[in-house]
Amino acid sequence: MKIKACLFDLDGVIVDTAKYHFIAWKEMSAELGFDFTEKENELLKGVSRMHSLDILLDIGKLSKTDDEKQALAEKKNQRYLDYVKQMNEEEILPGVTRFLDDLRSNGVLIALGSASKNAPLILDRIHLKEKFDVIVDGNSVSKAKPDPEVFLKGAELLDVNPKECLVFEDAQAGIEAALNGGMKVIGVGSSDNLSLADHYIPGFIKLDYELLSKWYQ
Ligand code: BG6
Ligand code: MG
């Protein structure tokens, strides 16, 4: 089936903000008195801010009141934003801008499908907003990945059948969200950490429309 639209996750796909999320959560776990590893961080990828905090507290075997959780989530976000505010277009991952332009010149529609409430700020910082026909982010969805809402909303706004949509994701929850929406999905990263995707790419350097057309005829 020919691909009419590509939907991109943001964190870890367009920019390596995944490392900033990790640093901010790791600092918080240290303050709370437990260790938080890079492997455990995989569980937080693609997951909303509050749900990430719940997973982190589970790892540390801590329980907090709702008010305490709000304060912790806010603190983590402020830390994360300290990094985001210093970002510029140099942090766009290699090959991404060229690939987006390649898709556009071949008539493929482009959407962002991110769980992040900070997505508009990040796109501003890296000057990439105008490359997307549609932006769906953590401010406009109510159900988190692996629920397909974020991607289905993108497809609806683009007026494309989900079967003709291809999602790029670095998180297991995101891959499952794409599949739950009846879409094709490429995992950005290694099949050591990710499963169920149609294909895996280490990044966008070697990917172009021609190769996509061979994979999805
Ligand atoms: C996802 C990230 O894109 O956004 C998660 O993979 C993050 O790690 C989630 O928790 C929510 O992001 P934010 O910016 O709204 O805290
Ligand atoms: Mg991601």
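How far is an oxygen atom of ligand 1 from an N or O atom in the side chain of Asn118? In this predicted model, the distance comes out at 2.7 Å. With the protein wrapped around it, ligand 1 has 97% of its 390 Å² buried, that area being what it exposes when taken alone. Next to the ligand story there's a magnesium ion (ligand 2) held by Asp9, Asp11 and Asp170, plus a few backbone oddities worth a look on screen.

**Around ligand 1**

- Ligand 1 has 14 residues surrounding it, and the closest are Asp11, Gly46, Ser116, Lys117 and Asn118.
- Sorted by class, that shell is made up of six polar, four charged and four nonpolar residues.
- Both domains chip in: domain 1 (5-16 + 89-215) and domain 2 (18-84) each supply at least three residues of the shell.
- Asp11 also makes a side-chain contact, with one of its N or O atoms 2.7 Å from an oxygen atom of ligand 1.
- Arg49 joins in too, putting a polar side-chain atom 2.8 Å from an oxygen atom of the ligand.

**The magnesium ion**

- Three aspartates coordinate the magnesium ion (ligand 2): Asp9 and Asp170 through OD, and Asp11 through O, at 2.0 to 2.1 Å.
- Along the sequence, these donors follow the spacing D-x1-D-x158-D.
- Asp9 counts as buried because its relative accessible area is 5%, under the 20% cut-off.
- Asp11 falls on the buried side as well, since its relative accessible area is 13%.
- Asp11 therefore turns up twice in this briefing: its O coordinates the magnesium ion, its side chain contacts ligand 1, and the residue is buried at 13%.

**Backbone oddities**

- As background, most peptide bonds are trans, and most residues other than glycine have a negative phi.
- Going from Lys145 to Pro146, the peptide bond is cis, with omega near 15°.
- You'll find Pro146 in the loop that runs between β3 (134-136) and α7 (149-158).
- His127 isn't a glycine, yet it has a positive phi of about 55°.
- Look for His127 in the loop between α6 (119-126) and β3.
- Leu196 is another non-glycine with a positive phi, this one about 80°.
- The loop between β5 (184-188) and β6 (199-201) is home to Leu196.
- Leu196 counts as exposed because its relative accessibility is 54%, and the cut-off for exposed is over 50%.

Definitions and conventions
Residues numbered from 1 in each chain as written. Chains lettered and ligands numbered in written order. Predicted model: local features only at pLDDT ≥ 70, side-chain atom pairs only at ≥ 80, totals over all residues. Heavy atoms only, no water. Near = heavy atom within 4 Å. Polar contact = N/O pair within 3.5 Å; in protein donor to acceptor, adjacent residues only side chain to side chain. Areas by Shrake-Rupley, 256 points an atom, 1.4 Å probe, with all protein chains shown as cover. Nonpolar A, V, L, I, M, F, W, Y, C, P; charged D, E, K, R; others polar. Domains from an automatic or database assignment. Donors = N, O, S within 2.8 Å, 3.2 Å for Na, K, Ca; no water. Buried < 20%, exposed > 50% of the residue type's maximum accessible area, 1.4 Å probe, protein only. Helix = DSSP H or I, 4+ residues; strand = E, 2+ residues; numbered from the N terminus.
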